[in-house]
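Here are my notes for you to read alongside the model. Take them point by point, with the structure open beside you.

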Amino acid sequence: MATQDIIRRSGTSDVTPAAQARVGGVKQVAKLFDATKCNGCKACQVACSEWNDLREEVGSFQGTYQNPASLSPECWTLMKYNEVEADGKLHWQFTHSACMHCADPGCLKACSTAGAIVQHANGTVDFDSDKCIGCGYCASACPFDIPKISPVDNKAYKCTLCSDRTAVGLEPSCVKTCTTGALRFGTREDMLFYAEKRVAELKDRGFTNAGIYNPAGVGGTGMVMILRDINDPESYDMPKDPQIKVSTELWQDVLKPLGTAGILATAGVALLHRITVGRNIVEEDQPGYRAEDHEEDNQ
Amino acid sequence: MTNHWIDIKNSNVVIIMGGNAAEAHPVGFGWVTEAMQHNNAKLVVVDPRFNRSASLADHYAPIRSGTDIAFLLGVIRYLTTTDQVNFDYVKAYTNASYLVRDDFDFHDGLFSGFDEEKGDYNKESWFYQLDDDGYAKVDETLEHPRCVWNLLKQHVERYDFETVSNITGTPVADYKVVCEMIASTHTKDRVATFMYALGWTHHSKGAQNIRTMAMVQLILGNIGQLGGGVNALRGHANVQGATDMGLLAQSLPGYVKLPSDKEPTLADHLAAHTPKPLRPGQTNYWQNYPKFYVSLLKAFWGDNATPENDFGYDWMPKWDQMYDFGKYLDMMYRGQINGCIVQGVNAINSMPNRNKNLKALSQLKYLVVLDNLSSETATFWQNEPGYNEVDTASIQTEVFRLPTTCFAEEEGSIVNSGRWMQWHYKGANAPGEAMADSEIVSGILMELKKLYAEEGGRLPEPVKAVNWEYTDKHNPSSIELTKELNGYDVNTGRQVSSFAELKADGSTACGCWLYAGSWTEQGNQMDRRDNHDPSGKGITPGWAFAWPVNRRVLYNRASCDVNGKPWDPNRTIVEWKDGKWEGIDVPDFNAKLNPQDSAHPFIMQPEGVGRLFALKLLKEGPFPEHYEPVESPIGTNPLHPKVVHSPVLRWFEGVKDTIGTKEEFPYACTTYSLTEHFNFWTTHCRLAAISMPETFVEMNETLAAEKGIKNGDLVKVSSKRGHIFTKALVTKRLRPLNVNGQVVHTLGIPRHGSHNALTKKAYTCNVLTTEMGDANTGVPEYKAFLVNVEKAEV
Amino acid sequence: MKKQKMIVRHKLFDRICHWFIVAVGLVTFLTGFSFFYPSFQWLGAISGTPQLARFVHPIAGLMMCLPLLLMLVRYYSHNKWEKTDIAWFKSIKAVMFEDEENIPPVGHYNPGQKILFRAFVVFAIALIVTGIMMWQPYFAPYFESDAVSWAILIHALCAVGMLVFVIVHFWMATWVEGSITGMLYGKVSLAWARKHHPLMAKEHEDKE
């Protein structure tokens with residue numbers, strides 16, 4: 001039975017969209033990461049692995065508190081650590097790094113397989129591993145470099161926003177476990193309302209550049225962040241103005257239609273040529289051809 | 001904690017110093033962010049490293065490890081010279097106005113009464129002037145030159161900004177900001193809390209570190225208040241419970257004393273520890289000491305404890321000196337100990353000076369290790385090149401490994417930092433042959449009893465007399481044990497409802513008087529789970545049980561003035577209203593008394609007030625004084641070069657030779673825990689191992705550049721006691737400090753090295769640390785010692 | 001009937017290469033199509049499942065391109081630009097409408113075929129390079145995701161371009177009858193050569 005809460009499917013033409021009945025009816029959700037309240041404890045990271053049964057290899061020290069070194073098929077949430085000097089002070093900034101659940105997801109746009117990436121009515125972007133063929137288009141198209149392809153089973157993996165939990169009214173496991181209230185979960189509307197209030201508080205506390213990271217370039221995100229300095233998201237390892245990549249757009253929006261047209265046109269011209277000009281034969285080689293006949297003609 | 005975790009949300013200024021709450025207590029730290037967001041609180045972090053707590057601080061000030069006393073005495077000087085003092089509080093609720101004996105003195109780093117030969121004080125002069133009734137003399141105007149207040153002002157006079165900065169390395173500008181933020185809470189409507197942990201205890205003057213902070217809190221009027229107090233953050237889930245149950249070498253459950261050999265009879269002991277009031281009309285709660293003590297003896301010996309035999313007092317061991325683990329290890333090292341039972345600690349990786357400990361354990365005839373994991377202690381005899389180099393063949397120690405349950409595999413109570421006794425149920429059965437510690441220890445006792453009965457032996461009486469009336473003598477249940485701790489009437493078997501019911505005549509038995517009320521006739525009070533908070537101030541009387549008597553904020557009489565009016569109406573805990581006391585918490589005083597008669601909030605003191613002058617209770621002196629760590633990176637004490645470090649330290653034979661100098665080992669080093677790990681336990685936990693797979697040494701960029709060390713390089717860190725190889729983490733979070741005309745670099749090493757776990761094989765930092773420790777407690781100076789560092793050839 | 005005089009146009013090795021390329025190329029293009037047009041994922045069913053299609057595609061692609069490059073090396077000498085080539089282009093209309101009198105004589109390959117040759121060189125190399133860059137899970141992780149993203153675009157662009165040229169190739173081969181038998185059996189008639197590649201025929205006759 002179809003859940004009917006999938007409002008967008010990868011690899012599907014706009015002419016034949018996914019079920020739209022619940023668009024607008026189901027409220028969009030968001031996870032809010034308040035970097036100004038995060039103490040970098042990694043509880044979210046561990047809770048993610050615990051709930052989703054992920055076990056990355058035990059690595060080794062790489063010169064940073066950040067472990068494992070990057071997101072991976074076995075690590076869907078990763079705390080990142082950055083030492084930043086700004087306004088004459090040292091800041092040790094922590095980033096809760098996981099899928100941003102873009103309203104306009106580059107991964108979904110790039111996906112090669114019908115329905116392998118879907119967007120739920122609540123805005124969550126989810127991967128269907130049974131359908132995934134492991135082409136990696138999502139991994140390269142993501143403006144946040146989130147999805148990772150497993151070398152073991154060749155499938156793409158990333159944070160699902162605990163869609164199995166949210167489907168039954170629970171918050172994602174990372175939010176559940178956050179020690180300082182830096183992570184919250186609710187409707188996008190509520191989270192943005194709260195975030196605005198929080199930013200106002202921060203400004204009162206002297207964080208004059210505090211702001212909400214909810215990049216418009218990808219239509220807004222299902223993970224909204226509150227950053228100390230919204231003008232410098234790069235210091236949190238977040239892109240300043242993330243957008244669906246030009247390469248992805250050229251590929252899906254320009255090359256596909258033009259290429260299709262080109263292929264069809266070439267085939268069409270060939271067919272037309274064949275019909276109009278006809279066969280190109282070497283007469284001498286035709287059965288029944290006699291050179292003498294032609295020699296007479298020539299005389 | 002005098003207060004509790006949730007109460008931190010009521011603070012206006014949170015000072016994290018001598019601890020790293022965000023790192024080591026991330027869940028509790030949530031109340032700090034709560035205070036910051038909803039109470040507009042400011043967070044100040046003072047630490048040698050810019051740590052996880054500092055990452056969220058409004059202000060971070062670096063400090064050289066081991067100079068906290070100088071830092072805080074400077075704060076006191078700032079408060080007193082700028083009159084940012086809650087004078088009403090100081091006058092009424094501290095001993096500021098008490099007159100000190102004329103022969104008390106302080107000169108060149110030493111208090112009066114120092115005996116150079118013994119390295120100890122004759123503390124005679126460290127006391128009040130008494131009147132003819134034996135009461136302390138006071139001058140409420142604070143004008144008398146011998147009053148504590150003036151002596152204190154005189155004592156801290158030396159700690160001006162420049163001097164403090166010169167000792168601590170904290171830049172004056174940073175220091176001023178911290179002083180101002182702390183001082184802002186001297187007003188009646190603002191309160192500060194200090195959160196500390198092992199960052200203060202792990203010093204050769206740990207007790208004085210904490211005491212200095214307590215003095216700051218008294219001067220600001222912050223103790224007994226919502227959002228204030230003196231808040232020790234306990235690391236292990238039940239270290240508070242362990243401490244309550246007599247963790248310290250000279251304590252028994254409930255902080256009553258293990259008798260010394262100078263107290264041959266019960267009467268001697270009770271006389272020595274039952275104080276007389278030092279002011280008229282005092283509650284002087286320790287006057288009940290005999291009730292608690294006799295009830296404890298009744299719990300120990302049961303019907304065998306009678307008035308005729310001093311309730312079995314003779315069977316109690318009597319100490320001649322402090323037998324803490326440092327002393328025991330030294331005795332093992334000298335071959336004076338046959339056997340050792342290690343329970344609840346990975347000793348070989350935890351105790352300072354690992355190389356000495358390896359030799360110490362090798363001298364034992366037998367070692368019993370009770371642990372739920374395969375710890376390095378149980379395998380100390382296995383050679384592990386680099387990490388644990390021993391000559392296995394030469395070690396004759398027989399090791400018994402007894403697997404235990406972990407907390408989730410048994411039911412019982414855990415006491416959190418806020419003194420809440422919270423009952424929990426068994427979550428899973430223990431694997432294999434693991435048994436609860438209580439079952440193992442009972443089994444040993446039963447076997448001992450049998451052996452004594454069959455074969456006889458020396459000193460059979462205590463083993464015979466011990467009260468062990470449990471349903472299954474081999475396996476007492478948590479419920480039985482807890483009910484015994486609560487206490488009961490020995491005639492009726494009725495559970496007491498509070499320690500006020502305990503008697504000194506042997507009619508009550510109580511395993512820990514502070515826990516009385518936790519399991520009453522009404523049942524188990526610790527598994528109550530009503531989180532209703534009627535006042536909105538985080539006081540939830542229906543949630544679990546807080547010792548003592550379900551009181552959530554200690555000394556809460558100090559939340560209001562002498563007339564019973566709250567200093568700040570928004571922080572009302574108790575209040576005198578219409579001729580009676582009302583409030584949201586259990587009063588920490590006799591609520592039948594009127595405000596004036598009950599205006600001595602520190603009821604455990606015979607004078608009822610907080611002590612700015614500590615009398616004879618601490619070995620270093622009645623006022624704190626800055627002493628350098630045993631291993632000082634500046635090699636001198638700028639205040640008094642003749643007395644560099646604490647003069648009353650305990651020096652075991654030969655230890656002087658293990659102390660490094662700054663010439664040989666020029667860098668300061670400190671050790672600490674990481675959020676990702678809990679001691680060594682979680683190095684066996686895959687998810688924790690993934691999140692922090694290996695230890696490292698943190699160092700600042702300047703030092704790294706000088707030494708040609710790049711981030712991630714393998715380095716050799718050495719102290720006078722040994723060396724380790726580990727990888728470098730070069731960071732901006734540590735910085736060189738200017739101290740006494742030189743630059744001090746500090747290195748930091750996490751303490752989670754294991755060579756026998758899921759994490760990458762690593763050296764442990766206790767190879768480097770010194771066994772020298774606090775003279776009062778024996779806690780080693782893990783947080784400040786000297787090392788050298790160099791890039792290692794790979 | 002006089003027996004036709006036949007001359008060798010394609011050696012056995014080259015013919016095997018060619019038809020091998022055709023076979024794996026079919027797999028490569030069908031599977032590639034299944035990724036390019038998700039709605040037509042069934043095209044990839046030639047290799048079983050979509051997952052197998054993705055597994056097979058890069059291998060088939062390499063199996064297509066490497067012999068292709070080998071062939072291209074072997075045919076390089078026939079595909080050098082010559083001065084007369086420009087004249088041939090100018091008379092492209094005559095070529096397309098079989099107005100043979102007005103077509104300047106060409107050798108082994110006409111300039112149109114040389115363009116095809118060059119296109120195949122460029123596409124094959126580009127497809128190999130970009131294909132390796134996007135090859136999951138073996139090589140792609142070594143490249144920045146932006147680089148991979150551009151590789152995917154270029155890969156698709158080249159594949160489309162190559163397909164267009166393949167169509168042209170197929171079109172010409174079926175139009176100019178005798179070409180396919182030439183590639184199948186290696187020989188073309190001298191008459192065919194005189195008609196379509198007179199200089200090649202002349203060269204052959206000179207040799208004799």
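**Notes on the three chains**

1. Let's start with how chain C is divided up: its domain assignment gives domain 1 (8-75), domain 2 (105-175) and domain 3 (177-208). Keep in mind throughout that this is a predicted model.

2. Now look at how domain 1 and domain 2 of chain C sit against each other. Their centres, taken over C-alpha atoms, are 12 Å apart. Eleven residues of domain 1 of chain C are in contact with eleven residues of domain 2 of chain C. On the domain 1 side, helix 1 (12-36) and helix 2 (50-74) of chain C each supply at least two of the touching residues. Helix 2 of chain C has the largest share there, with seven residues. What classes of residue make up this side of domain 1 of chain C? It divides into nine nonpolar and two polar residues, with no charged ones.

3. Next, see what the UniProt record says about chain C. An unreviewed entry lists residues 12-35, 55-73, 115-135 and 147-173 under "transmembrane region". You can check two of these spans against the model. Residues 12-35 of chain C are 100% helix and 0% strand, and the C-alpha atoms at the two ends lie 34 Å apart. Residues 115-135 of chain C come out at 90% helix and 0% strand, with 29 Å between the end C-alpha atoms.

4. UniProt also has a longer feature for this chain. Its unreviewed entry places "domain: Cytochrome b561 bacterial/Ni-hydrogenase" at residues 9-184 of chain C. Over that stretch, chain C is 69% helix and 0% strand. Try finding both ends of residues 9-184 of chain C on screen: their C-alpha atoms are 10 Å apart.

5. Here's a single residue to zoom in on. C:Pro141 lies in the loop between helix 5 (111-133) and helix 6 (145-175) of chain C. Is C:Pro141 buried, exposed or partly exposed? There are 17 C-beta neighbours inside 10 Å, so C:Pro141 counts as partly exposed. For a sense of distance, C:Ile154 is 13 residues away from C:Pro141 along the chain, and their C-alpha atoms are separated by 18 Å.

6. On to chain A, whose secondary structure comes to eight helices and eleven strands. Its radius of gyration is 27 Å, well over the 19 Å that the globule rule gives for 299 residues, so chain A is more spread out than a compact globule. The C-alpha trace of chain A spans about 105 × 45 × 40 Å along its principal axes. Of the 299 residues of chain A, 47% count as buried. Have a look at the contacts within chain A too: among those between residues at least 6 apart in sequence, 61% join residues at least 24 apart.

7. Which two chains share the most contacts? Of the two pairs of chains that touch, chains A and C have the most. This contact takes 42 residues from chain A and 39 residues from chain C. On the chain A side, helix 3 (137-141) and helix 7 (246-277) of chain A are the elements that give two or more residues. Helix 7 of chain A gives the most, with 14 residues. By class, the side of chain A that touches chain C has 19 nonpolar, 17 polar and six charged residues.

8. Chain A also meets chain B: 33 residues of chain B are in contact with 29 residues of chain A. The elements of chain B that give two or more residues to this side are helix 2 (26-38), helix 19 (686-691) and strand 27 (722-731). Helix 2 of chain B has the largest share, seven residues. The side of chain B that touches chain A divides into 14 nonpolar, ten polar and nine charged residues. Chain B and chain C, however, do not touch, and their nearest C-alpha atoms are 21 Å apart.

9. Finally, the nonpolar cores. The largest has 150 residues, and B:Val14, B:Val148, B:Ile182, B:Tyr196 and B:Val787 have the most contacts inside it. Domain 1 (6-235) and domain 3 (655-791) of chain B both give residues to this core, so it lies between them. Pick out B:Ile182: leaving aside neighbours within four places in sequence, it is in contact with B:Val13, B:Ile15, B:Val75, B:Ala192 and B:Val216. Apart from that core lies another, of 107 residues, including A:Tyr157, A:Met191, A:Leu255 and C:Ala151.

Terms used:
Residues numbered from 1 in each chain as written. Chains lettered and ligands numbered in written order. Predicted model: local features only at pLDDT ≥ 70, side-chain atom pairs only at ≥ 80, totals over all residues. Helix = DSSP H or I, 4+ residues; strand = E, 2+ residues; numbered from the N terminus. Buried ≥ 20, exposed ≤ 12 C-beta atoms within 10 Å, placed from the backbone. UniProt positions renumbered as here; feature names shortened; annotations may be inferred. Domains from an automatic or database assignment. Contact = placed C-beta atoms within 7 Å. Nonpolar A, V, L, I, M, F, W, Y, C, P; charged D, E, K, R; others polar. Rg over C-alpha atoms; globule rule 2.2 N^0.38 Å. Core = buried A, V, L, I, M, F, W, Y, C linked by C-beta atoms within 7 Å.
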